[in-house]
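Reader: I am new to this structure and would like to be led through it with care. Could we take it one topic at a time?

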Amino acid sequence: MEKIGLNKLRSLFLDFYKSKGHYVRKSYSLIPKNDKSLLIINSGMAPLKPYFAGTETPPSKRMATCQKCIRTGDIDNVGYTSRHATFFEMLGSFSFGDYFKEESIVWGWEFLIDVLKMPEDRLWPSIYEEDDEAYKIWREVIGVPDEKIVRLGKEDNFWEIGIGPCGPCSEIYFDRGEKYGCGSPDCKPGCECDRYVEFWNHVFTQFNRDSEGNYTPLKHKNIDTGMGLERLACIMQGVDSIFDVDTIRYIRDKIVQLSGIEYKEGKTETDVSIRIITDHIRSITFMVADGILPSNEGRGYVLRRLLRRAARHGRLLGINEGFLANLSNKVVEVSGEAYPELQERKDYIHRILSIEEEKFSKTIDQGSQLLAEHIKELEQNNQNVLSGDKVFRLYDTYGFPLELTQEILEEHGCKADEEGFNKYMEEQKNLARSARKSEDDEGWADDSILLDSVSPTEFVGYDKFESVGKVLGIIKDKKIVESIDEGIARIYLDKTPFYAESGGQASDTGIIYNDNFKAEVISVSNFRDIYIHRIKVIDGTLNVNDTVNLEVSRIKRNETARNHTATHLLHQTLKEAIGQHVEQAGSSVTDSGLRFDFTHFEAIEKSKLLEIERIINEKISSFLPVKVEQLSYDDALETGAVAQFGEKYGDIVRVVSVGDYSCELCGGTHVENSGQIGAFKILSESGIAAGVRRIEAITGTKIYEKLNDNESILFKAGELLKTNPEGLLNRINTLNEEVKIYKKELEQYKETALAGEIEDIINEAEEKNGVRLIAKAFDGHEVNDLRSLSDKIKEKSKNSIILLASINGDRVTFILSITDDLLDKGYHAGKMIKEIAAAAGGGGGGKADMAQAGAKDPSKVKDAFSVASSLI
């Protein structure tokens, strides 16, 4: 049997099924689309569930994919076994109501025998014990001997998850040989030994199971096959472990080189660490490439957990410097051709991993030391459970995921109080929820009572500023009412031209009126396609079933549209100017400006920001037409339209194009031509999270307003400095030089004044047991002043403890210094300062010879001096 590399196996599989009329689609993102049941894609069929369920139409009735997948359920086994992994690729062939069992089995066999040249005598199929149809195909069509077709029960060969579509399956096994067997004459597929390896499952979805447990045949039967690429590579390359497969071994060998530790292919502690890092770097590289960023929630937490686990095992191997970012390059080298997003975002991946690993490296040593102390305490007290508060502190202060703490504890025969940890976590989440809660949140509770019997609102505002609508319901003070004549209320209508807040764009405002009523529209929200208008009554009475005129504020809508189209130009320009790794991470579009958050790893230089501005203004001045069209989601992506990571889209999407420069999926309002934006100006660029930057900008008349504001500031500044705006820079430079001179003179004065006090300060010292306490408080001195004075006193005084304090408003700064001759007697400034500062409501620390502290109560400075005296 020819040894075939993993990358070639992937191509052979996809090319084979393409020849059988299958639509070969590139792997879906690891981020599920419209599927709240999954955090991360974990199987080949997971992204295709809407096609199997019939809720969406597939691009073809026959499909084939190689899907990247992440599973962490068995993470405790990763590194300790030869087959467990958090990242894997799943080869799959699918039929949605097209072909069925015979084609699936016949083509599968053809691929194994004719393409891969597997020996027939080492292949065994299993079938569901009641599936005579599959048996007949294997026996009569394929020609497999009866004794090699193994019937297994429901637990092994029937696929179902609760109620819904289900069916029998047929698995194909590879016989590794007698040396892997148990020696039993009955050894065959289904045996618990390692001789027979299941590597390809063909699921025949032909029944629907109801709540009573009855099975009825499906009108349209489906095929779902799955074959782990790494497991297939093990078979084709004749190796026992996925870590010996060519592409994975390439990564493993780099870790061996970095650590300088020999890999012995066993279960030694170093071998386990090498395998864990080898697996985890694949997962985290692919996750970051798909737009997942480290965080303490959801997918981001999975990423952080894997990354920090890998970093910790690097330390166990003696790799003390950051190494994961560079190691990710090896993943790109072996997988970048099959997954171009790895190549496109290589630099971005490198930077994100560098930032996260650097962040963890600052706390891992302290956290590890603290955990080691906790374990030692447990052992000394004959205990084995670390309390929840200590586990939570490791998480909250030192960045140790719960699972990492648990893993380290288990290595020492201990465990974590998970229940106690969860209690502290819930308290923290409750505090965060309370902080986020606002009065407007309560409004959603009002709206929810409308939903049971309400039809969606017809939105007519893409091409209209005005329309007529019928009032279907009114809510006032959290109650459904028949009419309103004052105050603020919420209403919904059969149709509206008002855009509801969505996708980062603010809602329209305007007026609603008829002959008997007039109200201001304050905001509009979209709740399950029902447009809730929050209004403030101006005059008259509004009744349910009234017909009203609705008018959108044209100026606000147009200014908002300017900013929204400008964000699209900004997004594309960022991709071109700083890299294709840029992805939208959030946005806010209002009539007053725009805020655009995006994935990037460092601040953008001023010169680059000016270049970005120039390009966008060039596109504005080109008067590019803005085109809007409705396409299927897949067709939209085929045209190159940009979809936002994690955003939920339906079957039909709205595609907004600005000339041939920008193309995005978007439901917002836009200008008809880029020239209508007028102009574009960046106000600021800043970092808001690890790997996320923010640009704030304005367009159109807001630039004119900003220019007027700036001119006003310049004229006022000129008046204060007695010059005109053109002379401001020269005047400021002159003033700066003068300030430098005055500051230098002031420093010299203070130094002279303090130097003159040194003898007096020393003479006022309190002596106790042969040790002198020199204590003095000052008003308004800087810390550096105190340090300088302390050093000069030490030069003139022996056997002395020098305690200086500076009072600045409601804050106190202490400097404690100890002469060298007292250090040998056990005096330690760092330890003493803690007790001294505590007397004034503060704390601090430092070295044995000098320490610093801050305190909040200036009235307690004398008390602090008394504590110092008592410590002597």
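**Cores and a helix pair**

Author: Leaving out neighbours within four places in sequence, Met118 has contacts (heavy atoms within 4.5 Å) with Met1, Leu112, Ile113, Leu123, Phe174, Phe199, Leu232, Ile235 and Met236. This is a predicted model, in which local features need pLDDT of at least 70 and side-chain atom pairs count only at pLDDT 80 or more, while totals for chains, interfaces and linings use all residues. Residues are numbered from 1 along each chain as its sequence is written, and side-chain values use heavy atoms, without hydrogens and water.

Reader: Which residues have the most contacts inside the largest nonpolar core?

Author: A nonpolar core is a set of buried Ala, Val, Leu, Ile, Met, Phe, Trp, Tyr and Cys residues joined through side-chain atoms within 4.5 Å, where buried means under 20% relative accessible area with a 1.4 Å probe, protein chains only. The largest such core has 112 residues, and the ones with the most contacts inside it are Met118, Phe199 and Leu324.

Reader: How many residues of helix α6 are buried?

Author: Helix α6, a DSSP run (H or I, at least four residues, numbered from the N terminus), spans residues 229–237. Among its buried residues are Leu232, Ile235 and Met236, and Met118 is in contact with these three. Helix α6 is mostly covered, and the buried count is eight of its nine residues.

Reader: What is the angle between α17 and α18?

Author: Axes are lines fitted to C-alpha atoms over the stretch in contact, with angles from 0 to 180 degrees between N-to-C directions. Helices α17 (residues 554–578) and α18 (residues 606–621) pack with their axes 10 Å apart, at an angle of about 130 degrees.

Methods. Helix = DSSP H or I, 4+ residues; strand = E, 2+ residues; numbered from the N terminus. Buried < 20%, exposed > 50% of the residue type's maximum accessible area, 1.4 Å probe, protein only.
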